[in-house]
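Good morning, and thank you for the time. I should like to take the group through one structure, which will appear on the screen now.

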Amino acid sequence: MSEAQTILPPGAPLLDYLPVGLFGSVMGLTGLSIAWRLAHTHFGVPEWIAMTIAAVAIVAFVVVAIAYLVKLVTAFAVVRTEFRHPIAGNLFGTVLISLLLLPIPLNPFAHQLAQALWMVGAVGMMLFAVLIVSRWMSDRQQVAHATPAWIIPVVGLLDVPLALPTLDLPPLHGLMVFSLAVGLFFAVPLFTLVFSRLLFEPPLPDPLKPSLLILVAPFAVGYSTYTVTVGQTDLFSEVLYMLTLFMLAVLLGQLRNLPVCCPFRVSWWAVSFPLAASSIAALRFAVSEPGLITDGIAIALLGLATLVIIGLLGRTLFGVVTGELRTLSS
């Protein structure tokens with residue numbers, strides 16, 4: 001028997017500690033690459049920045065997907081428990097949202113692959129939304145479990161239309177409207193439920209505090225999806241954008257002491273996509289309503305998202321190199 005087999009018997013769990021929420025890193029990196037692509041178009045910044053971030057996002061997806069597949073094969077019972085968990089189970093939507101976002105930067109280089117990823121993500125997202133809503137309605141839920149992660153499974157449908165304008169697929173306007181309608185409709189009661197839990201129940205545990213920023217996503221992504229679907233900026237889209245700015249200001253204030261009070265965990269990646277989505281919304285708005293203030297907000301949010309995501313990536317890679325990943329995943 002080899003030394004490796006002695007140390008690690010056949011069938012022993014591998015990467016059983018790896019949370020599915022780590023796919024949030026792919027979402028954040030992909031969103032940031034899209035934001036820098038918009039900055040290239042609007043401000044003329046070098047295109048290589050967006051392309052480099054997109055490459056990092058693709059590598060991150062491949063690495064995390066392989067790692068989680070290893071977990072699925074060697075620790076299936078752990079994955080099943082994670083999927084059935086009233087909070088963690090919602091984070092499986094991050095896998096599907098990653099598949100919906102990656103086709104945007106991938107499309108210029110691998111058009112058919114981008115189409116295939118989007119189709120898998122779109123079908124999977126719709127089935128996952130139906131499954132989770134059915135689960136909510138079939139069993140009595142606990143108010144303490146109503147965390148921002150609950151927004152992901154259904155409001156994640158808002159990500160379905162984003163890549164469509166670039167994929168050269170048959171007209172799917174009905175699907176775009178369906179995704180927009182369901183995503184925005186469910187955003188209202190889910191946001192209200194989570195907000196009520198934050199007001200009247202004990203504070204979120206420290207590992208879940210970064211997920212507060214997910215509450216920005218329905219408005220930021222909703223703005224982008226609405227403008228992509230309708231093809232213009234109107235009063236309703238402006239309302240969504242203004243709500244994005246308001247919620248961002250409130251929640252950044254709530255999270256300003258996060259680095260001091262809470263040790264770094266990979267759950268911190270929950271802040272990455274909402275920040276990237278907010279910068280995308282700000283850049284889209286700056287394009288439709290050019291001006292010193294709108295440009296300034298777009299630049300500020302892009303800079304904030306970039307600094308935060310670079311920091312998260314650097315700290316995560318440092319943890320991987322130093323063997324801290326199990327601790328950081330707790």
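I shall speak about salt bridges, then a surface patch, then a pocket, and finally two loop residues. Please bear in mind throughout that this is a predicted model.

Let me begin with the salt bridges. A search over the whole structure returns 4 of them, and I shall discuss some of these, starting with the pair formed by Glu47 and Arg37. Their closest N and O atoms are 2.3 Å apart. Glu47 belongs to helix α3 and Arg37 to helix α2, so this pair ties together parts that are 10 residues apart in sequence. As for accessibility, Glu47 counts as partly exposed at 33%, and Arg37 is likewise partly exposed, at 28%.

A further salt bridge joins the side chains of Lys71 and Glu82, with an N to O distance of 2.9 Å. Here Lys71 sits in helix α3 and Glu82 in helix α4, so the link ties together parts that are 11 residues apart in sequence. Are these two residues buried or exposed? Lys71 is buried, because its relative accessible area is 2%, and the cut-off for that class is under 20%. Glu82 is buried as well, with a relative accessible area of 13%.

The third pair I wish to mention is Glu324 with Arg315, whose closest N and O atoms are 3.4 Å apart. Glu324 has a relative accessible area of 25% and is partly exposed; Arg315, at 27%, is also partly exposed.

I turn now to the surface. Which residues form the nonpolar patch there? They are Leu69, Leu72, Val73 and Phe76, and together they present about 390 Å² of accessible area. Helix α3, which spans residues 47–74, gives the largest share of the patch, namely 3 residues. Leu72 is a residue of that helix, and its relative accessible area of 33% makes it partly exposed.

Next, the pocket. How much space lies in the largest pocket? The computed figure is about 820 Å³. The lining of this pocket is made up of 44 residues, and the closest to its centre are Gly21, Ala88, Leu91, Leu208 and Ser267. Several helices contribute to the lining: α2 (24–43), α4, α5, α8, α10 (217–230) and α13 (272–288) each supply at least two residues.

Finally, I come to the loops. Asn90 is located in the loop between α4 (76–84) and α5 (93–101). With a relative accessible area of 2%, Asn90 is buried. What is Asn90 in contact with, leaving aside its neighbours within four places in sequence? The contacts are Phe128, Ile132, Trp136, Ala149, Trp150, Ile152 and Pro153.

Asp168 is the other loop residue, placed between α8 (151–155) and α9 (173–200). Its relative accessible area is 63%, and Asp168 is therefore exposed, since that class begins over 50%. The backbone of Asp168 also deserves a remark, as its phi is near 55°, a positive value in a residue other than glycine. For context, most residues other than glycine have a negative phi.

To close, I would set the two loop residues side by side: Asn90 is buried, whereas Asp168 is exposed. Thank you for your attention.

Key
Residues are numbered from 1 along each chain as its sequence is written. This is a predicted model: local features need pLDDT of at least 70, side-chain atom pairs count only at pLDDT 80 or more; totals for chains, interfaces and linings use all residues. Side-chain values use heavy atoms; hydrogens and water are left out. Patches are made of residues with over 30% relative accessible area and no salt bridge: like charges are joined within 9 Å, nonpolar side chains (Val, Leu, Ile, Met, Phe, Trp, Tyr) within 5 Å. Accessible areas come from the Shrake-Rupley method with a 1.4 Å probe; for residues, only the protein chains shown count as cover. Helices (H or I, at least four residues) and strands (E, at least two) are DSSP runs, numbered from the N terminus. Buried means under 20% relative accessible area, exposed over 50%, partly exposed in between (1.4 Å probe, protein chains only). Contact means heavy atoms within 4.5 Å. On a 1 Å grid over the protein atoms alone, a cavity is a set of points where a 1.4 Å probe fits but cannot get out, and a pocket is an open set with protein on both sides within 12 Å along at least five of seven lines; lining residues have an atom within 4 Å of a point. Grid points are joined across faces, edges and corners, and a volume is the space filled by probe spheres set on the points.
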